Structures are given as structure tokens and as C-alpha cells.
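Here are some short exercises to work through with the model open beside you. Try each task before reading its solution.

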Amino acid sequence: MGSSKLIGIVMLVVGIILLYFGYQSTQSVGNQLTEAVSGRFTDETMWYLIGGAAITVAGAFLTFLKK
């Protein structure tokens with residue numbers, strides 16, 4: 001197993017964890033109230049979701065597509 005594949009697996013796991021925390025944050029009462037009033041999630045929640053998605057995609061690329 002190459003080092004890029006190992007880094008890809010680690011990034012994939014970290015990205016999924018960040019997405020999980022972002023999803024949990026969207027389900028909180030405070031965040032749902034903020035979304036109801038302003039129409040968007042808090043900045044912290046958005047960073048979890050965007051960062052988690054980006055790291056997951058990069059990790060999947062390194063794990064499955066790069067040779």
C-alpha cells in the first residue's frame with residue numbers, strides 16, 4: 001500500500017467524521033432556530049459540512065482513483 005493511498009484513507013475517515021459532526025450540528029435546536037430565522041445554518045456548521053465534503057472527495061480520489 002502506497003503512502004498516498006494511506007493518506008487518502010485517513011482523509012476519507014476524517015472527512016466522514018466532519019460530515020457527521022456537521023449533520024449533528026444541523027439537528028441541534030439552536031441551529032434549527034437560526035436556520036428558521038435567517039434561512040441558513042451557522043458558520044461553524046457550514047465549515048463542518050463544506051470541509052467534510054472537500055476532504056472526503058480528496059480522500060476518495062487518493063484512495064480509489066490515483067495509482
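**Exercise 1: Thr56**

At 16% relative accessibility, Thr56 counts as buried. This is a predicted model, so please read every value here as computed.

Task: find the helix that holds Thr56, and work out which residues Thr56 touches beyond its neighbours within four places in sequence.

Solution:
- Step 1. Place the residue: Thr56 belongs to helix α3, which spans residues 43–65.
- Step 2. Check the label: buried means under 20% relative accessible area, and Thr56 is at 16%.
- Step 3. List the partners: with neighbours within four places set aside, Thr56 is in contact with Leu12, Gly15, Ile16 and Leu19.
- Step 4. Look for polar atoms: a polar atom of the Thr56 side chain sits 3.4 Å from the backbone oxygen of Gly15.

**Exercise 2: Val13 and Tyr20**

Task: decide whether Val13 is buried, partly exposed or exposed, do likewise for Tyr20, and then find the surface patch they belong to.

Solution:
- Step 1. Locate both: Val13 is in helix α1, residues 3–26, and Tyr20 is in helix α1 too.
- Step 2. Classify them: partly exposed lies between 20% and 50%. Val13, with a relative accessible area of 46%, is therefore partly exposed, and so is Tyr20 at 48%.
- Step 3. Build the patch: Val13 and Tyr20 join Met1, Leu6, Ile9, Val10, Val14, Ile17 and Phe21 in a nonpolar surface patch. Together these residues have about 870 Å² of accessible area.

**Exercise 3: Across the sequence**

Task: how far apart are Tyr20 and Leu49 in sequence and in space?

Solution: count 29 residues along the sequence, then go from C-alpha to C-alpha, which gives 8.4 Å for Tyr20 and Leu49.

Methods:
Residues are numbered from 1 along each chain as its sequence is written. This is a predicted model: local features need pLDDT of at least 70, side-chain atom pairs count only at pLDDT 80 or more; totals for chains, interfaces and linings use all residues. Side-chain values use heavy atoms; hydrogens and water are left out. Patches are made of residues with over 30% relative accessible area and no salt bridge: like charges are joined within 9 Å, nonpolar side chains (Val, Leu, Ile, Met, Phe, Trp, Tyr) within 5 Å. Accessible areas come from the Shrake-Rupley method with a 1.4 Å probe; for residues, only the protein chains shown count as cover. A salt bridge is a side-chain nitrogen of Lys or Arg within 4 Å of a carboxyl oxygen of Asp or Glu. Helices (H or I, at least four residues) and strands (E, at least two) are DSSP runs, numbered from the N terminus. Buried means under 20% relative accessible area, exposed over 50%, partly exposed in between (1.4 Å probe, protein chains only). A polar contact is a pair of N or O atoms within 3.5 Å; within protein, one must be able to donate a hydrogen and the other to accept it, and residues adjacent in sequence count only if both atoms are side-chain atoms. Contact means heavy atoms within 4.5 Å.
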